[in-house]
Amino acid sequence: MRSDAGTVPGQRSEDDHGPHGPMACRLGFGCASLFRLRGRRERLRLLACAYDNGIEHFDTAPMYGLGASERELGAFASGPRGNVTLLTKFGRSVAPLGRAARPLQAPLGRRVTAALDTIAREGVVRRVNAALYRPPDYGVAAARGSLEASCRRLGRDRIDILAVHDPPPGVLPPDDLPGWLDEACASGRVGAWGLAGHHSTAVAWGHHLDRPLPVLQYQSDYRSAPVAGMADSYITYGFLRGQLARIRSLLDTRPDLCEHWSGRLQMSLAGDGLADALLEHELAKNVGGVVLIASSREQRIVRAATVAHRHAQQRPAERIRRAAILTDFATACRLASG
Ligand SMILES: NC(=O)c1ccc[n+]([C@@H]2O[C@H](COP(=O)([O-])OP(=O)(O)OC[C@H]3O[C@@H](n4cnc5c(N)ncnc54)[C@H](OP(=O)(O)O)[C@@H]3O)[C@@H](O)[C@H]2O)c1
């Protein structure tokens, strides 16, 4: 996933060493929630924090930030930072009402998204989404238009990774889509194509195509088994989403478990260490792949990068030993939480 090394200040090479070891790391930064932050300067500072801590892969989509994420990421990932890998997607786009609502999301920031989260919890998220986003379209004409528009917004003439965005369960690729994607790669317009979606849908597409996908991006957390043999490279997301709170409440009600696993993992799971353990588990599970993180807080990005750098520096025997303990920890959490 790394780009070429260079000598321009701010660029990375395999030999660069930051405070935590080699600068390049296996984390990617997800931009889905970037526009929860109020100001452009704040968002750019967050992206810079990720980059300065060795993150060189960024995930976006035409629908993120109600259509504003690609443009902002493109402006950030230019000049000396032009060596980062960008993944964008197609198949899901913003409806006219969503575009009209775009200017509201930054000024109102977290309050709007918190309100949407509440609405989601109340079960009307589908109606809100239907108003803000167009129905999914995975046809070749839509894919071609989306690729052109993404290139314009990102300010690039080539997309590093172009992924099919979240096909709903049961929806399989139109017959001519894989061929068109292969051609886009052969022409150099796209570096690699992939599929990005929920674990089970990604697996279904992998089986349907009956050949390894170039890139498979799927949701993975402590409850899911790793996917193998279905792609040349893997990107995972969602290892914290919903699961952190679930395990937190489990460990809070079972101090015996918390103490036992803190001892075995040699890290305190009582506080922020739990998120570190879940990240280390995901890095161990997604061997050699990219793990997406997302946070609006710089200190959490720095902390995640520290975990990733520490993981990268482990000797193979130590990495295997810890992976076994982390797998046992995940199994214990799964069994205890039912
Ligand atoms: N179909 C797809 O391909 C697809 C689907 C979903 C997501 N994604 C990508 O994957 C990225 C990550 O998605 P996600 O679902 O994992 O995350 P997410 O829902 O975008 O956000 C991560 C959440 O975890 C919190 N968090 C982060 N670090 C934490 C820590 N150390 N302790 C406690 N809370 C922490 C963040 O809160 P704070 O901001 O307060 O830190 C945030 O609410 C997205 O941004 C998007 O780019 C792709």
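In the predicted model, strand E8 (residues 213-219) pairs with strand E9 in the parallel sense, the two being linked by 6 bridges. Within this pairing, leucine 216 is placed opposite tyrosine 234 of E9. On to strand E10 (residues 290-293), E9 makes 2 bridges, again with the strands running parallel; here isoleucine 235 has valine 290 of E10 as its bridge partner. Strand E9 itself, which spans residues 231-237, is mostly covered, with 5 of its 7 residues buried.

These strands belong to a closed barrel of 8 strands, in the order E3-E4-E5-E6-E7-E8-E9-E10, with parallel pairing. Direction ignored, neighbouring strands of this sheet are turned against each other by 30° on average. Helix H6 (residues 177-186) packs on the sheet, where it touches strand E6 (159-165) and strand E7 (190-197). The direction of H6 makes about 145° with that of E7. Elsewhere in the barrel, strand E4 (residues 57-59) runs parallel to E5 and is joined to it by 3 bridges; aspartate 59 is the bridge partner of leucine 87 in E5.

Serine 78 lies in the loop that connects helix H2 (69-76) to strand E5 (85-90). Because 13 other C-beta atoms lie within 10 Å, serine 78 is classed as partly exposed, a category that falls between the limit of 12 or fewer for exposed residues and that of 20 or more for buried ones. The C-alpha atom of serine 78 is separated by 8.8 Å from that of arginine 156, although the two residues are 78 residues apart along the chain.

The ligand is surrounded by 21 residues, of which Gly30, Ala32, Ala196, Tyr237 and Ser295 come nearest. By class, this shell consists of 9 nonpolar, 7 polar and 5 charged residues.

Taken as a whole, the protein contains 12 helices and 10 strands. Of its 338 residues, 38% count as buried. Among contacts in the protein with a separation of 6 or more, 73% are accounted for by residues 24 or more positions apart. The mean pLDDT is 88, and 87% of the residues reach 70 or more. Over residues 1-23, however, pLDDT stays under 50, and for this segment the model has 42 contacts beyond four places in sequence.

How values were computed. Residues are numbered from 1 along each chain as its sequence is written. This is a predicted model: local features need pLDDT of at least 70, side-chain atom pairs count only at pLDDT 80 or more; totals for chains, interfaces and linings use all residues. A residue is near a molecule or strand if its C-beta atom, placed from the backbone, lies within 6 Å of it. Ala, Val, Leu, Ile, Met, Phe, Trp, Tyr, Cys and Pro count as nonpolar, Asp, Glu, Lys and Arg as charged, and the others, Gly among them, as polar. Helices (H or I, at least four residues) and strands (E, at least two) are DSSP runs, numbered from the N terminus. Two residues are in contact if their C-beta atoms, placed from the backbone, lie within 7 Å. pLDDT is the predictor's confidence in each residue, from 0 to 100. Two strands pair if DSSP finds at least two bridges between them. Axes are lines fitted to C-alpha atoms, for helices over the stretch in contact, and angles run from 0 to 180 degrees between N-to-C directions.
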